Amino acid sequence: MARPIELLAPAKDLACGREAILHGADAVYIGAPKFGARAAAGNSLDDIRALCDFAHIYNVSIYVALNTILRDDELKEAERMIHQLYDAGVDALIVQDLGLTRLDLPPIALHASTQMDNCTPEKVAFLAQAGFEQVVLARELTLQEIRRIADATPKDVSLEAFVHGALCVSYSGRCYLSSALTGRSANRGACAQCCRLPYTMVDTDGRTIAQDKHLLSLRDMNRSDDLEAMIAAGVSSLKIEGRLKDVAYVKNVTAYYRQRLDEILARDPSLRRASDGRSTYTFEPRPEKSFNRGFTDYFLHGRRPDITSFDTPKSIGEPLGRASANRGGGLIVDGTKPLHNGDGLVFFNPRGELEGFRVNRAEGRRIVAARMPAVKPGTLLYRNVDSAFEAVLAKPSAERRIAIDIVWSDTSDGFVLTLTDATGCGVTVTRTFAAEPAVKPQGENIRTQLSRLGTTPFEAARVTVDMHENLFVPSSLLGEMRREAVDRLLSERLARRTRRRRRAESPTAVYPSSTVDYTANISNAKAEAFYRSHGVRTVERAYEEQPRAGVPLMFTRHCLRYSMGWCPVHQQGRSPFREPYYLLHEGTRLRLEFDCVRCEMRVINEPTQP
């Protein structure tokens, strides 16, 4: 049997979710009313129910993110909400807090959030035994590491991995910087994004290494050239980041990955799409036209120098061309891409700062702005708002249709209409009708009327007219039978859809370690009970429950030693500065530790020295 491959798209709300589906998603993840890792992206139960109803027409799955850690006094509310989500038709929950597994839950499928720090074969194999049907892998993993995890994972458990979008500099779930500096916990869905701030890097003698740079800020992920390799390594769900992104981003990026993935599926019969229907678009998807800080494949092929975005945490968009002249209130741009009134352009000034302006008027290669900054000839310009592209995406930009075969035939006392989709789901509608021989041939009109599927989710792949003689068939009868058949086919498709159920938890499963520290993020008694029931003897409470000094607040594969060219392993570089190094920002002092055995950097909060 062919292996299903899932394109998983984000939705901040119902409108984004519907567009993700229309633009080709096989599954959509959306925030729960509460307790999601994006607190600003919660959704009502009514909207989630409406999204499930729409998604299931196309056999698209809806996953709800309930992936924060919870306090004891929040568990009852979470339990009640999970039952409501199950009743609304949700296919699976994405969770971080293992205390949820000890609640009285419906048989809803569970996915292990990337917030669980799913990095090793032992951890993922344990989660499979603990009842999870899908595991979201850490973004930092290489293809080789993914392959090792897949080899140790049961075949009925799917591996999910990010392919596009913003990157957290710390391993997800192991970042406490926001909590320590602002009281806003990333594990509680309220990250203040301290990693995107400018820092000054100094050595132990106070000498400046880098001044006011965004040293913890990364580029955005783009693995569109690596989808086939990721699938071969064992990934079955390809995930786009972006539950806070706007609908234009969701449309554009989802459509782009749908097209790339369809190319792979078309040439590999061992793979199949995880949902039904074909999307068509009014635009050419271009990921560089949506929010991005520049692209990287991150660590998929090992450590690389192109992962950082030190100069700005803002969107730079697509390279446009170089300024060749700045005169008469206008700017000449060398390049081939068309320019439009209303475009947003940015560039890095001589101080390395990002500046931007809006194009008031575009005249070929000459642009005019109301407030034109000084741009030196030769400066590379970027476009982070393409007004013409955005205008197309602001309108309906995709349709999704399920192909069906339509057969019309006659009987001794009437007519029969049969609709069948590619999955083999079919319905038959019959009518008793006293037909008379027709004066004109009826075949063309029958095909035309039965193909008029309008706003339904179906399109006619083939219409067969199989009548023993040329009988008169009124258009009104054709329309009436077509509408009834479509309604019944929709109902039959939904009735045949098998609902996922939670995997059984093995009581004999043993957690890979007998000790868990604060990075296990245990913030309630039921989570602690889960770990103890699986062999853990020593348990620390979450950082949010018991803040402590001198512990790492970030664990990152991003390494500033490497960025500066001083990595003793990969570069054999030698630093002119004395360690330890520190990051400084408005009274914050962060010490950097380097673990070359694990190839990691750790960030530790220290009081500012007087």
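**Exercise 1.** Find which residues of helix H11 are buried, taking buried to mean under 20% relative accessible area with a 1.4 Å probe and protein chains only.

*Solution.* In H11, the buried residues are Leu 477, Leu 478, Gly 479, Met 481, Arg 482, Ala 485, Val 486, Leu 489 and Arg 493. This is a predicted model, in which local features need pLDDT of at least 70 and side-chain atom pairs count only at pLDDT 80 or more, while totals for chains, interfaces and linings use all residues. Residues are numbered from 1 along each chain as its sequence is written, and side-chain values use heavy atoms, with hydrogens and water left out. Helices (H or I, at least four residues) and strands (E, at least two) are DSSP runs, numbered from the N terminus.

Next, look at what surrounds them: the buried residues of H11 pack against helices H2 (45-57) and H10 (443-450), and against strands S23 (398-411), S24 (414-421), S25 (426-432) and S26 (458-466).

**Exercise 2.** Describe the place of Asn 252 and the contacts that Asn 252 makes, where contact means heavy atoms within 4.5 Å.

*Solution.* Begin with the helix, since Asn 252 is in H8 (residues 247-267). Then take the accessibility: Asn 252 is buried, with a relative accessible area of 0%. Leaving out residues up to four places away in sequence, Asn 252 touches Phe 283, Pro 285, Arg 286, Pro 287, Lys 289, Ser 290, Phe 389 and Leu 393. Finally, the side chain of Asn 252 makes a polar contact with the side chain of Ser 290 at 2.9 Å, a polar contact being a pair of N or O atoms within 3.5 Å, of which, within protein, one must be able to donate a hydrogen and the other to accept it, and residues adjacent in sequence count only if both atoms are side-chain atoms.

How values were computed. Buried means under 20% relative accessible area, exposed over 50%, partly exposed in between (1.4 Å probe, protein chains only).
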